[in-house]
Amino acid sequence: FFLLLAINFVICFETELKCIRHNNTGNNVFDLTKYEMIALIISEGALEILQFLNTREVGFFKDLRKLKNMRTSTFFSTTTISNRLKELSEFGAIEKTIAVNNKRNVVAYKINETGRKTLELADKFDEELKRVLKKV
């Protein structure tokens, strides 16, 4: 039931995100399947990284290492963070940039409009899931 709900809801995600990706790049480069999109959005750390980056101008890897998993309250491994950053970057939800940190140029990450819209859609999904669960 929940998987069907998630798949059904992601069809809406797919339609809205296609428009976002097309508008941000000028090209329709959207090539994730529905299942890949679900996997990305619910991958451990993806939402936490997007939420963190949404609260600041840029985020550094060392700061992201301090993020805790919402589900388990444990810190994410550096491998998990690296994998999510790569996936979110490839998806087009975040951008890599160079920023100055302690007088050094360091790779930093910042959320873009696609990432903000993804967060918004994830919140809608969460609200809808809670609404449906109350009925069950």
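In this predicted model, strands S2 and S3 (residues 104-111) pair in the antiparallel sense over eight bridges. Two of the facing pairs can be named: Thr 97 stands opposite Ala 108 in S3, and Val 100 has Asn 105 of S3 as its bridge partner. The hairpin of S2 and S3 has two residues between the strands, and in this hairpin Asn 102 takes a positive phi near 55 degrees.

The sheet as a whole is open and has three strands, in the order S1-S3-S2, with antiparallel pairing. Strand S1 (59-60) and strand S2 (94-101) stand at the edges with a single partner strand each, so one side of each has no neighbour in the sheet. Strands of a sheet pair through backbone hydrogen bonds, in either a parallel or an antiparallel arrangement.

Helix H3 (residues 46-53) lies across S1, S2 and S3 and runs at about 110 degrees to S3. H3 also packs with a second helix: the axes of H3 and helix H5 (residues 78-91) come within 10 Å and cross at roughly 70 degrees. An angle from 65 to 115 degrees counts as roughly perpendicular, and H3 is therefore roughly perpendicular to H5. On the side of H3 the contact is made by Ala 46, Ile 49 and Leu 50, and on the side of H5 by Ile 81, Arg 84, Leu 85 and Leu 88. By class, the residues of this contact of H3 with H5 divide into six nonpolar, no polar and one charged. Arg counts as charged, so the charged residue of the contact is Arg 84 of H5.

The largest pocket has a volume of about 430 Å³. It is lined by 17 residues, and those closest to its centre are Ile 41, Ile 42, Leu 47, Met 70 and Asp 126. At least two residues of this lining come from each of helix H2 (34-42), H3 and helix H6 (113-135). Which helix gives the largest share of the lining of the largest pocket? That share comes from H6, with six residues. The classes of the lining residues are set out below.

| Class in the lining of the largest pocket | Count |
|---|---|
| Nonpolar | eight residues |
| Polar | four residues |
| Charged | five residues |

H3 thus appears in three settings: it lies across the strands S1, S2 and S3, its axis comes within 10 Å of that of H5, and H3 supplies at least two residues of the lining of the largest pocket.

How values were computed
Residues are numbered from 1 along each chain as its sequence is written. This is a predicted model: local features need pLDDT of at least 70, side-chain atom pairs count only at pLDDT 80 or more; totals for chains, interfaces and linings use all residues. Side-chain values use heavy atoms; hydrogens and water are left out. Two strands pair if DSSP finds at least two bridges between them. Helices (H or I, at least four residues) and strands (E, at least two) are DSSP runs, numbered from the N terminus. Contact means heavy atoms within 4.5 Å. Axes are lines fitted to C-alpha atoms, for helices over the stretch in contact, and angles run from 0 to 180 degrees between N-to-C directions. Angles under 35 degrees count as roughly parallel, over 145 as roughly antiparallel, 65 to 115 as roughly perpendicular and the rest as oblique. On a 1 Å grid over the protein atoms alone, a cavity is a set of points where a 1.4 Å probe fits but cannot get out, and a pocket is an open set with protein on both sides within 12 Å along at least five of seven lines; lining residues have an atom within 4 Å of a point. Grid points are joined across faces, edges and corners, and a volume is the space filled by probe spheres set on the points.
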